[in-house]
Amino acid sequence: MAQIFDNDEPFIYRLNDNGFGPSLLVKVCTERGWRLYQGYNGSEEKWNLWWRTSAFPATSYKTLGEWQFMNHIPKGGSICRKDSLSRLLRCMRRIYGSIYDFSPPCFHLPLEYAKLVSECSRLRRSDDATGPSVVWIHKPVAQSQGRGIFLFRSVCDMRCGGPAVVQRYIERPLLIAGYKFDLRLYVCVPGYRPLTAYMYAEGLARFGTDKYTLTDIHNPYRHLTNSSLNKTGPRYAECKDRIGSGCKWTLKQVRRALVGRWGAVEWLVWQRIRALVTLTLLAQAAGTPPARNCFEFYGFDVLLDDSLKPWLIEVNLSPALGADCEADVIVKQPMLHELFDLLGLPMRHTGLCLLQGPTQPLNNYSSEDESGVSKVVSSRVSISGQRRGTRRLRRRRALPVHCVNLQAPTTEKFPASDIHEKPRDVQTGRLFKNSTVLSSDVIEIQSSTGAAMTSADAVDETWRGGYATAASRRKMLSACAWGNGVRWDRAAGRVGQWIRIYPHTLQNEEQLQVEDARESVAHVSKLLRAAREVARDGGRDIRVPRDGSCDAFFEAQLRRKLAYGSNFEVWLPPF
């Protein structure tokens, strides 16, 4: 991809709808030899990468060419609204239990105002003899950068406005030199169907600029860690104890601050954060249609409490890519370069000449159209031309793949002598995936048109791999193969500091990854159990400092317990 073509044109990147974008993004694109899109007046539509802060209209995906890429996936921003994220995690917690216990209790206003009042009253009665009442935090659902967020103890102190969420405030966060902080982690998702996710090893820690205390809950510089808010604080430029000036660290600095006190537990918390990110992505994976040449670039905000338990605060659809301090440049500039390398975007030139003619649109689908079959729209037939009483055919709207419940093949369609009974799980009734569906003999099935097809095409294409129909399987295979030749079903385990966090391992080239939420959650649970055992066995003395060699030891032990091959990568910030 980095080869320079003499007769080729430069890679063209497009920013939002007006040509303006984050400063570091523009700098990185310029360093890669790309050219800024100049067709905002509508005279030109030839571009390669369109980076947009907000979501794209649905029509943009239908006209996407082979060498055109966009930084949002259809319906990929559900976890980025606070109310939607809370609903998704609440639903997953009901199904899978305590493994999803990484988000504080949440109430949606105004719908759950009565429940909030009842919970506040119950907690006030139980806390009368122990001390002050609990603290709650109010967040507008569609705001960012700390706008509209405030803390309160009594419902009477809450200022009701538009739609918002109210969460139980984490009153005992982990502090460094008395200052509260959270972690900004960068995640890239090239596709949800099936889920493929990468997380960058380096990241940012964002500090409040005033020391943390619960005696003053109305000072945002003590309790909110948003850098856009704290850089306007009175103590932002001061050299604070251990923190220094500003309000940001890199994850490397955080590791060095924690390792001496926590030892092996510090290594474990990063594996728990990896599981938290994967489980959050799985919460919306089923509702996201397959799409080629599209990716999501998220900013996950995670808070550690004083027991080193990670809590998910929110997910940002378009994390900030500005350069406010030195830590921003250290983290974000190489991250963007390696992100484009991960996605297979070239360093200098590209096959833009392929776009000179009419582009062949990719098969990107929204949830309203997931059939995967090209449709020919005929002209409207005049009613007067039809004979009276003739029944007009109505087109049925195709349901999303994840909403269709298919029945197993019955013996009415296939001879009983040629089909073996497929074993079932007695407790759940689910079909085993590794059972033999058909005998070795090929059964001929006559369609209504008289054409013959084999039972392997009719049944195996339908059920192998966990997909509902053969068309959905073809769509998944198509979504895994991008127009620039990148195959996400054979994704690399590591590109630079981008580490694949899901799937943990890759299957063979002939078999597509199974889309089963239960199996995916089970894989994450297995990773967590193995990581706990490694931390317990290898770090009995938590006061012993560690270095890079001990990280390698923990990684080898984790691989051995999981019995994964060389394509499994352990996510860990640099030390």
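In the predicted model, a search of the whole structure identifies 4 cavities of 30 Å³ or more. The largest cavity has a volume of about 320 Å³, and 26 residues line it, with Ile 137, Lys 139, Lys 180, Leu 224 and Ile 313 being the closest to its centre. Several strands take part in this lining, since at least two residues are supplied by each of β6, β8, β10, β14 and β15. The largest share, 3 residues, is contributed by β6. When the lining residues of the largest cavity are sorted by class, 9 are nonpolar, 8 are polar and 9 are charged.

Strand β6 also belongs to a sheet, which is described next. Strands of a sheet pair through backbone hydrogen bonds, either parallel or antiparallel. Here, 4 strands form an open sheet in the order β5-β8-β6-β7, and the pairing is antiparallel. Strands β5 (106-109) and β7 (150-152) stand at the edges and have a single partner strand each, so that one side of each is left without a neighbour in the sheet. From one strand to the next, the twist averages 25°. Between β6 (residues 136-140) and β7, which run antiparallel, there are 3 bridges. Ile 137, already named among the residues closest to the centre of the largest cavity, has Leu 151 in β7 as its bridge partner.

Two helices pack on this sheet. Helix α3 (residues 82-96) touches β5, β6 and β8 (164-168), and its direction makes about 135° with that of β5. Helix α4 (residues 113-126) likewise touches β5, β6 and β8, while its direction makes about 140° with that of β5.

Helix α3 is also in contact with helix α8, and the axes of these two helices come within 9 Å and cross at roughly 95°. This crossing angle makes α3 roughly perpendicular to α8. On the α3 side, the contact is formed by Leu 85, Leu 88, Leu 89 and Met 92, which meet Thr 280, Leu 282, Ala 283 and Gln 284 in α8. The residues of this contact divide into 6 nonpolar and 2 polar, with no charged residue among them.

Helix α8 (residues 264-285) packs in addition with helix α12 (residues 517-538), at an angle of about 175° and with the axes 9 Å apart. The angle makes α8 roughly antiparallel to α12. Among the α8 residues in this contact are Trp 267, Leu 268, Arg 272 and Leu 282, and the α12 residues that α8 meets include Val 521, Leu 527, Leu 528 and Arg 532. Leu 282 is thus listed in the contact of α8 with α12 and also in the contact of α8 with α3. The residues of the contact between α8 and α12 comprise 13 nonpolar, 3 polar and 3 charged.

A further space is found in the second largest pocket, which holds about 940 Å³. This pocket is lined by 40 residues, of which Ser 144, Asn 316, Ser 318, Pro 319 and Ala 320 are the closest to its centre. Two or more lining residues are given by each of β10 (179-192), β12 (204-207), α6 (227-230), β14 (296-304), β15 (310-316) and α9 (326-342). Strand β15 gives the most, with 3 residues. By class, the lining of the second largest pocket consists of 14 nonpolar, 15 polar and 11 charged residues. Strands β10, β14 and β15 therefore appear in the lining of this pocket as well as in that of the largest cavity.

How values were computed
Residues numbered from 1 in each chain as written. Predicted model: local features only at pLDDT ≥ 70, side-chain atom pairs only at ≥ 80, totals over all residues. Heavy atoms only, no water. Pairing = 2+ DSSP bridges. Axes fitted to C-alpha atoms, helices over the stretch in contact; angles between N-to-C directions. Contact = heavy atoms within 4.5 Å. 1 Å grid on protein atoms, 1.4 Å probe; cavity = no way out; pocket = protein on both sides within 12 Å on 5 of 7 lines; lining within 4 Å. Points joined across faces, edges and corners; volume = space filled by probe spheres on them. Nonpolar A, V, L, I, M, F, W, Y, C, P; charged D, E, K, R; others polar. Parallel < 35°, antiparallel > 145°, perpendicular 65-115°, else oblique.
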